Amino acid sequence: MKLMGLLASLAIHTKNRKLTQNAISEASIGWHIAHTLMVIDNVYKSLAASDPADYIDTENKVRDSVLRNKTIRRGVAKAPNTVIPSEGIEKADIKELFKQAKTSVVKMKLLHEGAFFAHHTMGQLTKKQAKKFLVIHTRHHLKIIEEI
């Protein structure tokens, strides 16, 4: 499933944004939705701001594993502060984040193929790798949401 389809799947869970189940995640469904949407928007902004001439192709075992296995292990990575939503996610906040994320997905297609995104543990990801990461990351949080 493409990223826009995954966004539609996320939107279905908005009505349950306040639900939590500590055995699965300490965060609410709303937190997972907001975080996922913030990641999409931030990755787009990073890709758009990148200079393809600055890209350095280096080996990164974490990146290679995530992209090859199409999965992110739970409880291993910690989200950077820039993509940690505030407490008490309201419906209006999520609606605005959806709008931004959808715009970012559309605009991402127009970016230079040499654009790249610097991930805090996976290093530099090309535009193609970043798009694949966003699908994997969104599916990761959708699975958590569905279990809650």
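**Exercise 1. Place threonine 121 and find its distance to arginine 63.**

Threonine 121 lies in the loop between E1 and strand E2 (123-126). Helices (H or I, at least four residues) and strands (E, at least two) are DSSP runs, numbered from the N terminus. The model is predicted: local features need pLDDT of at least 70, side-chain atom pairs count only at pLDDT 80 or more, and totals for chains, interfaces and linings use all residues. Residues are numbered from 1 along each chain as its sequence is written, and side-chain values use heavy atoms, with hydrogens and water left out.

Step 1. Threonine 121 has 40% relative accessibility and therefore counts as partly exposed. The classes are buried, under 20% relative accessible area; exposed, over 50%; and partly exposed, in between (1.4 Å probe, protein chains only).

Step 2. Along the chain, threonine 121 and arginine 63 are 58 residues apart, and 7.8 Å separates their C-alpha atoms.

Step 3. Arginine 63 is buried, because its relative accessible area is 3%.

**Exercise 2. State which residues of helix H3 are buried and where they sit around its axis.**

Step 1. Helix H3 covers residues 61-69, and Arg63, Val66 and Leu67 are buried in it.

Step 2. Viewed down the axis of H3, the buried residues fall within an arc of 90°, so they line one face of the helix. The arc is that of the directions from the helix axis to the C-beta atoms.

Step 3. Lys61 and Arg68, on the other side of H3, are exposed.

**Exercise 3. Count the salt bridges and work through three of the pairs.**

Step 1. A salt bridge is a side-chain nitrogen of Lys or Arg within 4 Å of a carboxyl oxygen of Asp or Glu. By this rule there are four salt bridges. Side chains of opposite charge can pair when their charged atoms come close.

Step 2. Arginine 63 pairs with aspartate 64 at 3.7 Å, N to O. Aspartate 64 is partly exposed, because its relative accessible area is 31%.

Step 3. In the pair of aspartate 41 and lysine 45, the closest N and O atoms are 3.1 Å apart. Both residues belong to helix H2 (residues 29-49) and are four residues apart, about one turn of the helix. Aspartate 41 counts as buried because its relative accessibility is 9%, whereas lysine 45, with a relative accessible area of 48%, is partly exposed.

Step 4. Glutamate 113 bridges to lysine 127, with 2.9 Å between the closest N and O atoms. This pair links distant parts of the chain, 14 residues apart: glutamate 113 is in the loop between helix H4 (91-108) and strand E1 (116-119), and lysine 127 is in helix H5. Glutamate 113 is exposed, because its relative accessible area is 57%; lysine 127 counts as buried at 1% relative accessibility.

**Exercise 4. List the residues of the positive surface patch and describe two of them.**

Step 1. Patches are made of residues with over 30% relative accessible area and no salt bridge, like charges being joined within 9 Å and nonpolar side chains (Val, Leu, Ile, Met, Phe, Trp, Tyr) within 5 Å. Lys and Arg count as positive.

Step 2. The positive patch consists of Lys70, Lys128, Lys132, Arg139 and Lys143.

Step 3. Arginine 139 belongs to helix H5 (residues 127-147) and counts as partly exposed because its relative accessibility is 33%.

Step 4. Lysine 70 is in the loop between H3 and H4. Lysine 70 counts as exposed because its relative accessibility is 52%. The phi of lysine 70 is near 55°, a positive value in a residue other than glycine.

Definitions and conventions:
Accessible areas come from the Shrake-Rupley method with a 1.4 Å probe; for residues, only the protein chains shown count as cover. The place of a charge is taken as NZ of Lys, CZ of Arg, CG of Asp or CD of Glu.
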